[in-house]
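I opened this notebook to record, step by step, how one sheet is put together. The entries below keep to what I looked up.

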Amino acid sequence: MTSNESVQFDPVLRDFFITRNGFIFSVPDYFHPAAGIRSILRYVPDPSGDRIFRKTNIRYRKAGFEESFEIVRQQHPEWVFDVIVVPGDEIKQILKPNDAVVDILSGKIQNPAALFLIRRMEKFIPVSSMGISGSILAGLDNDNSDIDFLVYGTDWENARTALNQMKKSKTNQTGEPPITELDDDMWRTVYEKRKSPLSFDDFFAHEIRKGNRGMIHMPDKNVYFDLLFARSPEQIGKAPERGTDTEKIEIEAVVTNADFAFDSPAVYEINHPEISEIFSYTHTYAGQALAGEKIRARGMVEVIGNKKRLVIGTKREIEDEWMVSLSLLEKCGNGF
């Protein structure tokens with residue numbers, strides 16, 4: 001697909017879309033081949049499913065990652081590559097995260113916790129820079145759903161700063177629900193979900209520094225949320241070249257640029273005699289290191305002409321690809 005790669009800004013990373021047969025896909029990329037939209041099947045219609053589509057009351061269930069490929073492979077094997085590529089004429093509706101924010105503000109979508117978070121954040125960033133992705137965007141959220149709160153472009157850093165100020169203040173004089181850091185049980189849940197080869201202490205040291213998670217203490221329940229990043233149109237640029245996977249190696253290097261460390265893939269430019277950059281396709285290692293820090297990482301070497309990059313997350317769940325900030329762990333007194 002490399003030779004057919006082209007810049008297509010719609011849909012982009014963290015958008016969703018619905019196909020003519022009712023399947024709901026998420027979009028994991030900014031760039032798509034001429035053949036269609038790079039995507040991941042997330043929800044499928046199922047009479048016994050535990051999700052109810054907001055607009056039609058049709059029942060859905062969430063498809064597992066490997067299962068999603070099998071479902072599509074049975075019906076459209078020609079769509080299956082490293083991700084699923086859905087032809088444009090199969091797409092019935094594109095779901096945009098900012099539209100979900102507008103619908104929550106207008107009351108069209110009823111989600112008190114998401115509304116509260118939007119109202120708090122609009123004191124620091126414009127509504128036009130916000131998005132709500134995940135199950136809420138798909139129209140399939142339930143009482144236990146988390147909030148995937150998305151911020152575009154340079155406003156993301158302002159949002160992260162604001163979030164951490166909120167967590168420090170915990171509450172305010174108006175009696176609004178406090179926003180806090182995750183409790184110990186939730187951190188353990190996140191750790192187990194990520195299936196990271198890192199110890200819990202090493203995992204926690206990196207995650208707590210990122211400052212992109214929080215808990216809203218609503219009157220009837222606690223709601224977990226992630227603060228996610230996506231590039232604004234002017235940041236998208238050109239599609240990264242794709243190369244050939246060669247071998248898995250472990251390296252140590254110094255990060256020289258981490259401007260897109262919270263993107264997907266997370267991108268780290270590094271100072272190393274052979275490897276020029278690290279791409280992490282797993283959210284576990286997004287925001288893992290800062291510019292100037294020494295890191296250790298293991299992944300797949302991808303060769304692109306005279307250039308080499310290290311890729312982490314070549315599969316959905318893989319335990320021999322990882323990245324740590326040695327500088328951070330040294331400050332915390334942790335060894336690796």
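What follows are my entries on a sheet in this model, which is a predicted one.

Entry 1, the layout. I began with the order of the strands and found an open sheet of five, arranged 10-11-14-13-12, with mixed pairing. Strand 10 (130-133) and strand 12 (179-180) stand at the edges with a single partner strand each, so one side of each has no neighbour in the sheet. I noted beside this that strands of a sheet pair through backbone hydrogen bonds, in either a parallel or an antiparallel way.

Entry 2, strand 14. I then asked myself which way strand 11 and strand 14 run relative to each other, parallel or antiparallel. Strand 11 (residues 147-152) runs parallel to strand 14, and six bridges join the two; on this side I looked up Ile147, whose bridge partner in strand 14 is Phe225. Strand 13 (residues 213-217), in contrast, is antiparallel to strand 14 and is joined to it by five bridges, with Arg213 having Asp226 as its bridge partner. A hairpin of four residues leads from strand 13 to strand 14. I also checked how covered strand 14 (residues 222-230) is, and eight of its nine residues are buried.

Entry 3, the edge at strand 12. Here I found two bridges between strand 12 and strand 13, which run antiparallel, and Ile179 stands opposite Ile216 of strand 13.

Entry 4, a helix on the sheet. Lastly I looked up helix 3 (residues 112-121), which lies across strands 10, 11, 12, 13 and 14 and runs at about 25° to strand 11.

How values were computed
Residues are numbered from 1 along each chain as its sequence is written. This is a predicted model: local features need pLDDT of at least 70, side-chain atom pairs count only at pLDDT 80 or more; totals for chains, interfaces and linings use all residues. Side-chain values use heavy atoms; hydrogens and water are left out. Buried means under 20% relative accessible area, exposed over 50%, partly exposed in between (1.4 Å probe, protein chains only). Two strands pair if DSSP finds at least two bridges between them. Contact means heavy atoms within 4.5 Å. Axes are lines fitted to C-alpha atoms, for helices over the stretch in contact, and angles run from 0 to 180 degrees between N-to-C directions.
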